[in-house]
Structures are given as structure tokens and as C-alpha cells.
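Got your viewer open and ready? Grab the mouse, and let's take a walk through this protein one selection at a time.

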Amino acid sequence: MTDSEGRPVSVEVFQGNTKDTETLGTQITKIQDTFGLKRVILVRDRGILQQKQITEEVLPVGLDWITGMQKKEIRAVIDHEENKKKEELQGEIREIVEPQEVQLSLLDEQNLLEVHSDLYPDERLVLCRNPLQAAKSQRTRDALLVKVEAKLDRIVQSVHGKPRRLKDKGKIGVRVGKVFQKYKMRKFFTWEIEEGHFSYTRNTEAIQRAERLDGVYAIRSSVKQQAEELVADYKRLSSVEWAFRTMKSMSLQVRPIHHRKQERVVAHIFLCMLAYYVEYHLRKKLAPMLFSEEDPEGKRAERKSIVEPARPSAKATKKARTKRTADGGKAMSYQAVMEELSGLCRLTGISKIKTDKIHKTILMEGHTSTQRRAFKLLGIRLSSSTSSAN
């Protein structure tokens, strides 16, 4: 669990066979009992914060929430509204009211659309379309269609070619099933299997139906604020993902866990969270010498729409291109800075002169310009003198 800026505030370890949806209740209890916050907006991804959790765990305690919608839920909303519209066209014409009904064609003109649906009468629904993701999804699907067709053509050749190596209906079905199981493209094809016969065609209706939702995602919320703000708040989940990824695989590498007792495993994870907390603040303070983004406002200005992917600010782009920071120093990665700092040697000098107090001088031996620069940003003195009683 992190705050809105991505700063870690809590971590909890569950049994390995625990479903994601079953982890929400303890977090809600923790928010209420531990942090004592007056108002909370719970932002969770669509895999955890689903309708059952909203109804049974979130609404009873009065928390506001923001979550994403699964593809099947988006499709259900669209189908429901389209069917309702067809029924209305057969009767009297109603006046158009705001917010707008679901019309995916409008997303061709604007990439963000607030809609209303009878399926979610008391909630805010925001449809978004990412053109880059839409193009990527179509390319991926087209490539998989071609690959599956190549596999199915081999089966056709085995059944109808000379010699006819495959005749049994059951064996043909097994071969076809393996292809669809591997590539997960069953819904995009129709086929016919008989004794000594196999044929297939593309299911164009299913393909067109999938194309309509390419790059489309939707956000549900109980919060009364601008649609753009809802999308921005939901996208802040990326900071949680960054924290999780950092702990698991980047600099901290939480695994392997060489523990067998439960309390030691929990302690291990807790220490990793504390380590990430330290790293979070180190990255913030060392940002002027890193490739990190230093200009959040400039970064937001580069994005024409909140739906579009984030783009670096002009300052960050220049830093990445020139490999130099604003003060002309060398731009470095966080890992490179940490590696250089690890070469520091700390010396403690004690005077041999007998006095009432023992004077100690602490020196950081052999520091480089990069090390001096890092310690200056961190507010740490490279040398100091201390005294203690004899």
C-alpha cells in the first residue's frame, strides 16, 4: 500500500494460495484502525476491486473508490445500451440527456468520454481509448490469426492431402484443440470436423467485435470529480506497480527468500519495504544528478490528453540526450550512483593527547567528485569532529 505519490506506507504477506480479491478486507481494516484518516479514496486495479468487494466490503464502511472495468464488463455496458437504444427507436424518440449514452464512435473523435449506464446507476463511468494501444492490439491479433491459420492449414493438409495421414474425427479434434489452447484464439474461428474431414474459416463477426474495444478501457468510481481527474488518479496505480517491481526484481530483489518460518518471511518482506522507503527518498534527493524526472509540471504539459501515455518533460528529454544534468554534471542511473558510493571508506581518528575529553575525527577517505556531489544533495557532511568524555 502506498500514498498518492507512491511512498510506501504498509505491506502485508498472505498465504500463496490466497486470491487477490480476498486481500482487500484486511487493508480496509488497516486504513480505518491504523491510519485514522477522515476521508479515503481507495484506488485498486480491476483484478482486486470487483463488484462483490465493492458491495460487501467498501460501501458498508463508507469509503470512496476508483477501479477499472474488465473487458467483459465494458462489453456488457455497450451491449445493454445498444439494445436499449434499439428498443427506443421502435417507440418514441427521447431527448438526449447528459452524461452521454455509450457511443463508441465518439471515441474516434475524442479519447475520453463520460457515459451513463443503467447497469451502474449510482456510479461514474469513464470510457477511454488509447490509439497506440489500439494499434498494438490489432497488430498482435492479426499476427496471431496468421500464425493459427498456418497451424490449421497443416491439419487440413494432413486430413485432405496425399497421403491422408489423419482421418479419425477424435484425433483431428485433439490436434485442433491443442492449437486453440496454445494461442487462445478459439473465438475468432469457426470450424467443422467430421470423419476424414476438417475445414475452418475466420469468424469475422467476432473479430470486428473485438476490434471495437481495441485500446478501450473504462474506469468506475464513486467519486464526484472531473473525468480527467478520475483517469489521472487511476493511473497513479503505476507508482504502486513501480514500488512492487523495485522490491521484486530491480534494485532490492526480494527473492530468493531463504527463510522457512512464517515470522521470518514476514520480517524479510517488511525490511524490504523499509529499504524501498529509503530508496524512494534517496531517488527524490538525488534526482538532480540522475536521469530521473525533475519537472512534474513540464511532464504534465507534454501530455495533450490524460489518456495518452506519459511523456518526459523537455528537461528530462534533454538530460537523456546529452547525458548531462542542468549544472553540466554527468547524468547517471541510480544503480551507478549507489555503486560509486559503496566504494567510500570511513575513517575515525582519535587523538593521542591526554585530555579530559577524547576527540574523534571522522573522515570519508578518497571521495570522488560524484560522491561529493551525492552527499551534498543528501545533506551529509564528509567529515566531522566529535568529542566524548574520558
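## Stop one: a lysine out in the open

Lysine 184 counts as exposed, with a relative accessibility of 61%. Select lysine 184 and you'll land in the loop between α5 and β5 (189-194). Keep in mind as you click around that this is a predicted model. Now check the backbone angles: phi of lysine 184 is near 55°, which is positive even though the residue isn't a glycine. Here's some background for that: most residues other than glycine have a negative phi.

Next, select lysine 323. Lysine 323 also has a positive phi, about 60°, without being a glycine. You'll find lysine 323 in the loop between α11 (314-322) and α12 (334-341). Is lysine 323 buried or partly exposed? Lysine 323 counts as partly exposed, at 46% relative accessibility.

## Stop two: an odd peptide bond

Stay with the backbone and select lysine 162 together with proline 163. What kind of peptide bond runs from lysine 162 to proline 163? The bond is cis, with omega near -5°. For background, most peptide bonds are trans. Proline 163 sits in the loop between α4 (131-160) and α5 (169-183).

## Zoom out for a moment

Show the whole chain as a cartoon. You're looking at 13 helices and ten strands. The radius of gyration is 29 Å, well over the 21 Å that the globule rule gives for 390 residues, so the protein is more spread out than a compact globule. Turn the model along its principal axes, and the C-alpha trace spans about 100 × 65 × 50 Å.

Now switch on the surface. The protein exposes about 24900 Å², and carbon and sulfur atoms supply 52% of that. Of the 390 residues, 35% are buried. Try colouring by charge too: there are 72 positive and 53 negative side chains, and the centres of the two sets lie 11 Å apart.

How far along the chain do contacts reach? Among contacts between residues at least 6 apart in sequence, 60% join residues at least 24 apart. Some of the next stops let you look at pairs of residues separated along the chain.

## Stop three: two helices with two sides

Select helix α2 (residues 51-58) and show its side chains. Which residues of α2 are buried? They are Gln53, Ile54 and Val58. These three cover an arc of only 100° around the axis, which puts them on the same side of α2. Rotate to the other side of α2 and you'll meet Lys52 and Glu56, which are exposed. To see what covers the buried residues of α2, add its neighbours: the cover includes α1, β1 (41-43), β2 (64-68) and β7 (216-221).

Then move along to helix α6 (residues 204-211). The buried residues of α6 are Ala206, Ile207 and Ala210. They cover an arc of only 100° around the axis, which puts them on the same side of α6. Flip the helix round: Thr204, Glu205 and Gln208 are exposed on the other side of α6.

## Stop four: partners from elsewhere in the chain

Select leucine 119, in the loop between β3 (112-115) and β4 (124-129). Leucine 119 is partly exposed, with a relative accessible area of 41%. What does leucine 119 contact, leaving aside neighbours within four places in sequence? Highlight Ala76, Val77 and His80 to see its partners. Try the distance tool on histidine 80: leucine 119 and histidine 80 are 39 residues apart in sequence, yet 8.0 Å apart from C-alpha to C-alpha.

For another pair, head to alanine 267 in helix α9 (residues 262-286). Alanine 267 is partly exposed, with 36% relative accessible area. Add valine 13: alanine 267 and valine 13 are 254 residues apart along the chain, while their C-alpha atoms are separated by 9.7 Å.

## Last stop: back to the beginning of the chain

Finish with threonine 2, in the segment before α1 (24-35). Is threonine 2 buried or exposed? Threonine 2 counts as buried, with a relative accessibility of 19%, and the cut-off for buried is under 20%. Show its contacts beyond four places in sequence, and you'll pick up Arg7, Pro8 and Val9, along with Ser239 and Val240.

Definitions and conventions. Residues are numbered from 1 along each chain as its sequence is written. This is a predicted model: local features need pLDDT of at least 70, side-chain atom pairs count only at pLDDT 80 or more; totals for chains, interfaces and linings use all residues. Side-chain values use heavy atoms; hydrogens and water are left out. Buried means under 20% relative accessible area, exposed over 50%, partly exposed in between (1.4 Å probe, protein chains only). Helices (H or I, at least four residues) and strands (E, at least two) are DSSP runs, numbered from the N terminus. The arc is that of the directions from the helix axis to the C-beta atoms. The radius of gyration is taken over C-alpha atoms; the globule rule is 2.2 Å times the number of residues to the power 0.38. Contact means heavy atoms within 4.5 Å. Accessible areas come from the Shrake-Rupley method with a 1.4 Å probe; for residues, only the protein chains shown count as cover. Lys and Arg count as positive and Asp and Glu as negative; His and the chain ends are not counted. The place of a charge is taken as NZ of Lys, CZ of Arg, CG of Asp or CD of Glu.
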